[in-house]
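Colleague: I am new to this structure. Could you take me through it?

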Amino acid sequence: MQPRNMSMSGVVDLAAVKAAGEAKAKAEQARAEAARRGDTGAVPPSSLVIDVDEAGFERDVLQRSAEVPVVIDFWAEWCEPCKQLSPVLERLAREYNGRFVLAKVDVDANQMLMQQFQIQGIPAVFAVVAGQALPLFQGAAPEAQIRETLDQLIQVGEQRFGLTGITVDAEAGAEPGEDAEPEERVGPYDALLEAAVRALDADDFGGAAQAYRNVLAEDPGNTEAKLGLAQAELLARVKGMDPQQVRKEAAERADDVPAQIAAADLDLVGGHVEDAFGRLVEAVRRTTGEDRDAARLRLLELFEVIGSDDPRVTAARQALARVLF
């Protein structure tokens, strides 16, 4: 099943001024009351991923969405794509550390919720923000697209509804003498990573990409391999390009998305990071349909090359969110 509806444009329907104002006021009032009581509101990490049923839906999802966006993962034990998607969502919920809460709903045991959300197939992912629901996507989507959707969801929650997330107490629930943070996973990947670097040095970008993929097949969260794969794929794309011709075509055909994508790749390889990001944000703004998706997806790939912590990526994500709404 292919992912669909990854855009957060549907959030516009949630942004009624009155509803947003009321939600902001309630969130601010709740934070002020907690501060007055000296209550930090911190929750244990286990509260970031919860199982929800029909009986607890109002409390666990609707009421909680007044303080933090709640992402709902509709799944079933027999659903193979669910087994691919759910672990990714759970890992991201912990990584985002309280910026959203993941609620898991087993559709076999909660048919009424499935009907209320008008779900046609699973996995299906929705969000509830300040008591209002919106569809996010359906199907086992790529992680880069999931991250983009979550970032936009969080931004909307903050800007329109005043939802700043919840505080996570990393030590809560830990046994005495037990480290609050789990030890970093260490795998036998040094040889593969070394091989990938050697392949890059030899301009064997295909070999480098495959070595990184081999690491990610065993350890999907390996940061070094994800960054290396994005770099290897970028270098492979620009290897046979004629820079002068690519830039000429991009300058002459502003609405030609493939031309803009090729020029953005060259911009990034040349160190012109802001130019590459700006070019693709503008392509997203000017286009629709498949062209817009192509520009958006290449922008997400270039984000992976630079790294999510880079302030230039943060600024470009914000610019992308503005043109998508």
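The questions below go from the overall make-up to the cores, the aromatic pairs and the backbone.

Colleague: How many helices and strands does the protein chain have?

Modeller: Keep in mind that this is a predicted model. Helices and strands are both present in the chain. The count is 13 helices and five strands.

Colleague: What share of the residues counts as buried?

Modeller: A residue is buried when its relative accessible area is under 20%. The chain has 325 residues. Of these, the buried share is 45%.

Colleague: What part of the exposed area do carbon and sulfur atoms supply?

Modeller: The protein chain exposes about 16900 Å². Of that area, carbon and sulfur supply 49%.

Colleague: Which elements give two or more residues to the largest nonpolar core?

Modeller: The largest nonpolar core has 31 residues. Those with the most contacts inside it are Leu 268, Phe 277, Leu 299, Leu 302 and Phe 303. The elements that give two or more residues to this core are helices H8 (223–238), H9 (243–252), H10 (257–269), H11 (273–286), H12 (289–306) and H13 (311–324).

Colleague: Which residues does Leu 299 contact, leaving aside its neighbours within four places in sequence?

Modeller: Leu 299 is one of the residues with the most contacts inside the largest core. Contact here means heavy atoms within 4.5 Å. With those sequence neighbours left aside, the partners of Leu 299 are Phe 277, Leu 280, Val 281 and Leu 320.

Colleague: How many residues does the other core have?

Modeller: This core lies apart from the largest one. Its members include Ile 50, Phe 57, Val 105 and Ile 166. Its size is 27 residues.

Colleague: Why is the pair of Phe 74 and Phe 126 called edge-to-face or stacked?

Modeller: The whole structure holds six aromatic pairs, by search. In this pair, the ring centres are 5.8 Å apart and the planes stand at 85°. Planes over 60 degrees apart count as edge-to-face. At 85°, therefore, the pair is edge-to-face.

Colleague: How many residues apart in sequence are the parts that this pair ties together?

Modeller: Phe 74 belongs to strand S2 (residues 70–75). Phe 126 belongs to strand S4 (residues 124–129). The pair therefore ties together parts separated in sequence by 52 residues.

Colleague: Is Phe 126 buried or exposed?

Modeller: Its partner Phe 74 has 0% relative accessibility and counts as buried. Phe 126 has 13%. The limit for burial is under 20%, so Phe 126 is buried.

Colleague: Which residues form one aromatic cluster?

Modeller: Phe 74 and Phe 126 both take part. Two further phenylalanines join them, Phe 57 and Phe 117. The full cluster is Phe 57, Phe 74, Phe 117 and Phe 126.

Colleague: Which residues does the cis peptide bond join, and what is omega?

Modeller: Most peptide bonds are trans. Here Pro 123 lies in the loop between helix H4 (111–116) and S4. The cis bond joins Ile 122 and Pro 123, with omega about 0°.

Colleague: What is the phi of Asn 97?

Modeller: Most residues other than glycine have a negative phi. Asn 97 sits in the loop between helix H3 (80–95) and strand S3 (101–106). Asn 97 is partly exposed, at 44%. Its phi is positive, near 50°.

Colleague: Where is Asp 203, which has a positive phi?

Modeller: Asp 203 is not a glycine, yet its phi is about 60°. Its relative accessible area is 44%, so Asp 203 is partly exposed. Its place is the loop between helix H6 (190–201) and helix H7 (205–218).

Conventions: Residues numbered from 1 in each chain as written. Predicted model: local features only at pLDDT ≥ 70, side-chain atom pairs only at ≥ 80, totals over all residues. Heavy atoms only, no water. Phe/Tyr/Trp six-rings, centres within 6.5 Å; stacked < 30°, edge-to-face > 60°. Helix = DSSP H or I, 4+ residues; strand = E, 2+ residues; numbered from the N terminus. Buried < 20%, exposed > 50% of the residue type's maximum accessible area, 1.4 Å probe, protein only. Areas by Shrake-Rupley, 256 points an atom, 1.4 Å probe, with all protein chains shown as cover. Core = buried A, V, L, I, M, F, W, Y, C linked by side-chain atoms within 4.5 Å.
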